[in-house]
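Q: I should like to learn how to read the pockets of a protein model. Could you guide me through the structure shown below?

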Amino acid sequence: MPADRSSLSGQGQTVCVTGAGGFIASWIVKLLLEKGYSVRGTVRNPADPKNSHLMELEGAQERLTLCKADLLDYESLQEAIQGCDGVFHTASPLTDDPHQMMEPAVTGTKNVMTAAAEAKVRRVVLTSSIGAVYMDPKRSPDVIVDESCCSDLEYCNNRRFVTWV
Ligand SMILES: NC(=O)c1ccc[n+]([C@@H]2O[C@H](COP(=O)([O-])OP(=O)(O)OC[C@H]3O[C@@H](n4cnc5c(N)ncnc54)[C@H](OP(=O)(O)O)[C@@H]3O)[C@@H](O)[C@H]2O)c1
């Protein structure tokens, strides 16, 4: 069913979603399109069939552009983010191998934040992990965790949650 025009709060605004073909990002792209935003989705390979669902989303033909970008290629991110009002940064390697994980996660996030600051983007939303905030034995399990909370590194090391640090 076509979106209700009165709910098109994003009309006239452009949002970049990194790793657009991923699980969380695909939902974000769908919801942004439904709200009338124009979307720039970054993917490493626009021709990869695993990204083909994106152009089938409602509104995609008119308002979705797929940009080829890698988290370690600053210029590709800069190009995708330039002119955007907002960025959802969801692209991240999901692996237990620290060597494959750390550089794209850390340098890639810095690259996205720098490109967003340079482009004067109004808001950046970064998907983190429950693992980054929840694991602190000194905090009561009743506390609602948010971005002000941080997992206890020593506790994680001792419990082998992050064996590579
Ligand atoms: N799924 C959950 O329930 C959940 C819960 C909490 C937090 N999160 C966090 O949310 C984020 C996204 O999770 P997800 O489940 O949606 O993951 P996903 O489906 O694996 O999507 C991750 C995306 O990141 C892209 N990517 C990986 N390495 C890249 C690189 N070097 N350059 C550019 N793109 C790269 C992948 O693109 P390619 O297709 O090119 O490989 C993929 O599309 C992650 O940070 C995850 O920790 C997820």
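A: Let us begin with the smaller of the topics, the second largest pocket. The model is predicted. By class, six nonpolar, two polar and three charged residues make up the lining of the second largest pocket.

Q: How does one find such space, and how much space lies in the second largest pocket?

A: Rolling a probe the size of a water molecule over the atoms shows where empty space is left. In this model, the second largest pocket holds about 210 Å³ of space.

Q: Which elements give two or more residues to the lining of the second largest pocket?

A: They are β4 (86-89) and β5 (123-126). The largest contribution is that of β4, with three residues. Among the lining residues are Gly86, Val87 and Phe88, as well as Arg123 and Val125.

Q: How much space lies in the largest pocket, and which residues are the closest to its centre?

A: The largest pocket contains about 1,700 Å³. Its lining comprises 48 residues, of which Ser92, Pro93, Leu94, Met101 and Ala105 are the closest to the centre.

Q: Which element supplies the largest share of that lining, and how do its residues divide by class?

A: The largest share, seven residues, comes from α4. At least two residues each are supplied by α1 (23-34), β2 (38-43), α4 (98-118), α5 (130-133) and α6 (153-158). By class, the lining of the largest pocket has 27 nonpolar, 17 polar and four charged residues.

Q: Where do the domains stand in relation to the largest pocket?

A: The protein is divided into domain 1 (12-127) and domain 2 (130-165), with C-alpha centres 27 Å apart. Each domain gives at least three residues to the lining of the largest pocket.

Notes
Residues numbered from 1 in each chain as written. Predicted model: local features only at pLDDT ≥ 70, side-chain atom pairs only at ≥ 80, totals over all residues. Heavy atoms only, no water. Domains from an automatic or database assignment. 1 Å grid on protein atoms, 1.4 Å probe; cavity = no way out; pocket = protein on both sides within 12 Å on 5 of 7 lines; lining within 4 Å. Points joined across faces, edges and corners; volume = space filled by probe spheres on them. Helix = DSSP H or I, 4+ residues; strand = E, 2+ residues; numbered from the N terminus. Nonpolar A, V, L, I, M, F, W, Y, C, P; charged D, E, K, R; others polar.
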